[in-house]
Amino acid sequence: MLPLSFVSPGEEQIIKKVGGSFELKSHLKDMGFVVGGKVTVISTIGGNLIVMVKDTRVAISSEMAKRIIV
């Protein structure tokens with residue numbers, strides 16, 4: 001298991017855990033980052049990530065990506 005921020009672009013992963021404060025976990029859940037869900041890193045720009053989750057492209061900060069364990 002490793003944080004999403006360490007995944008190479010193009011690799012589809014399964015979310016194993018979402019960490020952080022209650023507010024952060026709730027925000028990530030609202031965006032589609034749920035345990036068991038699939039996520040693909042599209043690209044990284046300055047440490048921030050563009051990912052595909054639930055057929056939607058989403059930009060997340062590197063700090064958020066560190067809280068998503070795949």
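What percentage of the 70 residues of the chain count as buried? In this predicted model, 34% of the residues of the chain count as buried. The legends below go from the whole chain to single residues.

**Figure 1. Overview of the chain and its elements.** The predicted model has two helices and six strands. Read from the N terminus, these elements follow the order β-β-α-β-β-β-α-β. The radius of gyration is 10 Å, close to the 11 Å from the globule rule for 70 residues, so the chain is as compact as a globular protein of that length. Taken along the principal axes, the box filled by the C-alpha atoms is roughly 30 × 25 × 25 Å. Among contacts with a separation of 6 or more, 55% join residues that are 24 or more positions apart.

**Figure 2. The four-stranded open sheet.** The strands of this sheet are arranged in the order β1-β3-β4-β5, and their pairing is antiparallel. The edges are taken by β1 (12–14) and β5; each has a single partner strand, so one side of each is without a neighbour in the sheet. On average, neighbouring strands are turned by 35° against each other, with direction ignored. Strands of a sheet are paired through backbone hydrogen bonds, in a parallel or an antiparallel way.

**Figure 3. Strand β4 between its two partners.** On one side, β4 runs antiparallel to β3, and six bridges join the two strands. The pairing of β4 with β5 is also antiparallel, over five bridges. Leu49 appears in both pairings. Towards β3, Leu49 of β4 is the bridge partner of Thr44. Towards β5, Leu49 stands opposite Ile60.

**Figure 4. The turn of the β4–β5 hairpin.** Two residues lie between β4 and β5 in this hairpin. Lys54 belongs to the loop between these strands, and so does Asp55. Neither residue is a glycine, yet Lys54 has a positive phi of about 50° and Asp55 has a positive phi of about 60°. Are the two residues buried or exposed? Lys54 is exposed, its relative accessible area being 58%. Asp55 also counts as exposed, at 76% relative accessibility.

**Figure 5. The largest nonpolar core.** This core has 18 residues. Those with the most contacts inside the core are Leu4, Phe33, Val39, Val51, Ile60 and Ile68. Two or more core residues come from each of α1 (22–31), β3 (38–45), β4 (48–53), β5 (56–60) and α2 (62–67). Which element gives the most to the core? That element is β4, with three residues.

**Figure 6. Surroundings of Ile68.** Ile68 is one of the residues with the most contacts inside the largest nonpolar core. Once its neighbours within four places in sequence are set aside, Ile68 is in contact with Leu2, Pro3, Leu4, Ile15, Lys17, Leu28, Phe33 and Ile60. Among these partners, Leu4, Phe33 and Ile60 are also listed with the most contacts inside the core. Ile60 is the residue that Leu49 stands opposite in β5.

**Figure 7. Surroundings of Ile42 in strand β3.** Ile42 is found in β3. With a relative accessibility of 30%, Ile42 counts as partly exposed. Apart from residues up to four places away in sequence, Ile42 touches Pro9, Ile50, Val51, Met52 and Arg57. Val51, one of these partners, is among the residues with the most contacts inside the largest nonpolar core. Ile42 and Val58 are 16 residues apart along the chain, and their C-alpha atoms are separated by 9.4 Å.

**Figure 8. The salt bridge in helix α2.** Side chains of opposite charge can pair when their charged atoms come close. How many salt bridges are counted in the model? The count comes to one. This salt bridge is formed by Glu63 and Lys66, whose closest N and O atoms are 3.4 Å apart. Because Glu63 and Lys66 are three residues apart in helix α2, about one helical turn separates them. Glu63 counts as partly exposed, with 44% relative accessibility. Lys66 is likewise partly exposed, at 42%.

Key. Residues are numbered from 1 along each chain as its sequence is written. This is a predicted model: local features need pLDDT of at least 70, side-chain atom pairs count only at pLDDT 80 or more; totals for chains, interfaces and linings use all residues. Side-chain values use heavy atoms; hydrogens and water are left out. A nonpolar core is a set of buried Ala, Val, Leu, Ile, Met, Phe, Trp, Tyr and Cys residues joined through side-chain atoms within 4.5 Å. Buried means under 20% relative accessible area, exposed over 50%, partly exposed in between (1.4 Å probe, protein chains only). Contact means heavy atoms within 4.5 Å. Two strands pair if DSSP finds at least two bridges between them. Axes are lines fitted to C-alpha atoms, for helices over the stretch in contact, and angles run from 0 to 180 degrees between N-to-C directions. A salt bridge is a side-chain nitrogen of Lys or Arg within 4 Å of a carboxyl oxygen of Asp or Glu. The radius of gyration is taken over C-alpha atoms; the globule rule is 2.2 Å times the number of residues to the power 0.38.
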